[in-house]
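Have the sequence and the coordinates open side by side. The report below starts with a strand, moves to a helix, and ends with the contact between chains.

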Amino acid sequence: MRQPMKQPIVRSAAEPTRFPPVRRLRSVPRRGRARGEAATFAHCLHAEWIKIRTMRSTLYVLLGTLAFCAGLAALNGWSAGEEFAGMSPADQAVFDPLATSLRGYLIAQITLGLLGGLVITSEYGARTIVSTLVSVPHRGRVLASKAVVLVAVAFPTGLVVSLTGFLVGQAALSGAGAPHLALSDGTALRGVFGGGLYLALAGLFGLALGAVIRSTTATVTTLFGVMLIVQAFAPALPGGLGDWVSTYWPPIAGGQIITAYRDPDLLTPWAGLCVMAGCVAVMMGAAHAVFRKRDA
Amino acid sequence: MIEVRGLTKRYGEVVAVDDLTFAVRPGEVTGFLGPNGAGKSTTLRMILGLDAATSGTATVSGLPYPAQPSPLKAVGALLDPSAVLPSRTAFHHLLALAAGNGIPRARVDEVLAEVGLEKVGRRRAGAYSLGMRQRLGIAAALLGDPPVLVFDEPLNGLDPEGIVWIRSLMRRMAAEGRAVLMSSHLMSEMELTADHLIVIGRGKLIADMPMKDFIAAHSEREVLVRTPQSEALRELLVTAVEVRDEDDDTLVVTGLEAAEIGALASMSGVELHELTPRRVSLEKAFMDLTSEAVEYRTESEKVTVR
């Protein structure tokens, strides 16, 4: 096994090492190696699935999101329902029982964006990205697997969050005697299903941000800025810019999916969601480019 | 077998690794030695595809690392033992790594047992001591039962028991025919573990040779001789390179073997009380070798090292 000792070489680095003739390493017989099956995308998916479900934050984020959205829907529905009778006819005309019950998405998009970010920033934080990439050096495969398992978690969660918010909110509205919707309503179904989709996209948005930024704190801060602060300040922006942002800023456009009342100046729900999806696609593309090129 | 050819890494103006060429052969522990900041970790990271080389290539069993069909079955690596998510159990940490390469779940329990963590494998890795994390890192490296092992500073921060354990593990892995590459900045660690030495300084290759040749080439041998007739002996040692008095009755001789001195003394009837071959420590040899390549050093050290 051992090579006969070669002439000692003390030398300047300029002289090339002479390599021994290439021999196939006949190592000790070991089980499993002979078959040498190549690692596949499915293997990587499995690995990422194990990681996301054994990350403690995952459960906290999901339960917290659900509790918050259900609570907010109840409070919102109850207070809006109380106020409905005292509203002007104009306000009553644009009253949106669907959006009232699904308003929790504003926070859920941040928490699920955080979950998406954590899927990769936790690896940078703990430096496990090194063992991840040693195990799967195919970086596109790693990022794609993270995206898939994230959607597998975030989409059902988004659906449950939306559905719970809807049911709780509508019950509160109906308890207060205000207009409310049934789930069988097409608009309601679109809002609940679309809300789930939107929240899954928010998760991917966070993943893309996290892959580029690498720090959990900075990712959360950015999520707040992009998803809430811009939304809050859009009306205050000067004329044309304000209109453009209110219409096309992806999280605002995507948020149309949970509204029942149609503001003619804004995008339609599905068009808005497509803007958000397009934005997420571009960001994932950028994240992939950065993740592939950068030293881990 | 790891083959590195012309490997270079530049960060802007700074050349961290400068045209390195070497091979790590199976059946040996190859020590990868250099002062802090010499570029050892960067080299290992390039071999493992974590950092992109500016130029040059590194292959493992003939393939660049990212092209390995099943990387953990080709190379086991211990890079940063503290790299575990604190809330995840050691078992799940390993399970995820194994899953990524289609390594069966049973193997995770095997490697946990192999490194002596089977009792604590279900505990959060955050509660592990440094020694336990090091063992966990080794377990991860062994998952795929690979023919090539790469350990970056595996002895850092370990207690004596841990050091002995890792040393014997590396010896065993080499004896099984695997290629083992181990980096360190301490010569004293290498002396006991490595068969072959690769020394770098400031990213450049300084030496690439079997350990015993390194010892022969770099440890000046001297012989301590104690005799009541030191003047008489001194006159006999004409072929010695240097003879100096260490004491009234003690000479230190370089350039002659102890046997030769003994023979000369006995022929001339000179009484000897002690005849001891001594070696300049390899640590000193290493420091002399790399003294020009040390990147960070205090003024006082500069004076003493030279």
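Which residue of β9(B) is the bridge partner of F32(B)? The partner is I198(B). The model is a predicted one.

**Strand β3 of chain B**

β3(B) and β9(B), residues 196-201, run parallel and are joined by four bridges. β3(B) also runs parallel to β8(B), with five bridges between them. Within that pairing, L33(B) stands opposite S184(B).

In a regular strand, side chains alternate between the two faces of the sheet. In β3(B), V29(B), G31(B) and L33(B) point one way. T30(B) and F32(B) point the other way. Burial covers both sets: five of the five residues of β3(B) are buried.

| Partner of β3(B) | Bridges | Direction | Residue pair |
|---|---|---|---|
| β8(B) | five bridges | parallel | L33(B) and S184(B) |
| β9(B) | four bridges | parallel | F32(B) and I198(B) |

**Helix α6 of chain B**

α6(B) covers residues 160-175. At 1.5 Å a residue, its 16 residues should span 22 Å, and the end C-alpha atoms are 22 Å apart, so the two values agree.

Which residues of α6(B) are buried? They are I166(B), L169(B), M170(B), M173(B) and A174(B). Seen down the helix axis, these buried residues fall within an arc of 130°, so they line one face of α6(B). The spacing fits a general rule: an α-helix has 3.6 residues a turn, so residues three or four places apart point the same way.

On the other side of α6(B), P160(B), E161(B), S168(B) and R172(B) are exposed.

What do the buried residues of α6(B) pack against? Three strands of chain B take part: β3 (29-33), β7 (148-152) and β8 (179-184). Two helices of chain B do as well, α5 (130-142) and α7 (187-193). After α6(B) comes G177(B), whose phi is positive, near 95°.

**Chain A and its contact with chain B**

Chain A has 12 helices and one strand. Along the sequence, the strand is followed by the helices. Of the 296 residues in chain A, 43% are buried. Take the contacts in chain A between residues at least 6 apart in sequence: 80% of them join residues at least 24 apart.

How many residues of chain A are in contact with chain B? There are 44, and they meet 55 residues of chain B. In chain A, the elements that give two or more residues to this side are β1 (9-10), α1 (41-53), α5 (105-126) and α6 (128-135). By class, this side of chain A has 23 nonpolar, 13 polar and eight charged residues.

Methods:
Residues are numbered from 1 along each chain as its sequence is written. Chains are lettered from A and ligands numbered from 1 in the order in which they are written. This is a predicted model: local features need pLDDT of at least 70, side-chain atom pairs count only at pLDDT 80 or more; totals for chains, interfaces and linings use all residues. Two residues are in contact if their C-beta atoms, placed from the backbone, lie within 7 Å. Ala, Val, Leu, Ile, Met, Phe, Trp, Tyr, Cys and Pro count as nonpolar, Asp, Glu, Lys and Arg as charged, and the others, Gly among them, as polar. The expected span of a helix is 1.5 Å times one less than its number of residues. A residue is buried if 20 or more other C-beta atoms lie within 10 Å of its own, exposed if 12 or fewer, and partly exposed in between; C-beta atoms are placed from the backbone. The arc is that of the directions from the helix axis to the C-beta atoms. Two strands pair if DSSP finds at least two bridges between them.
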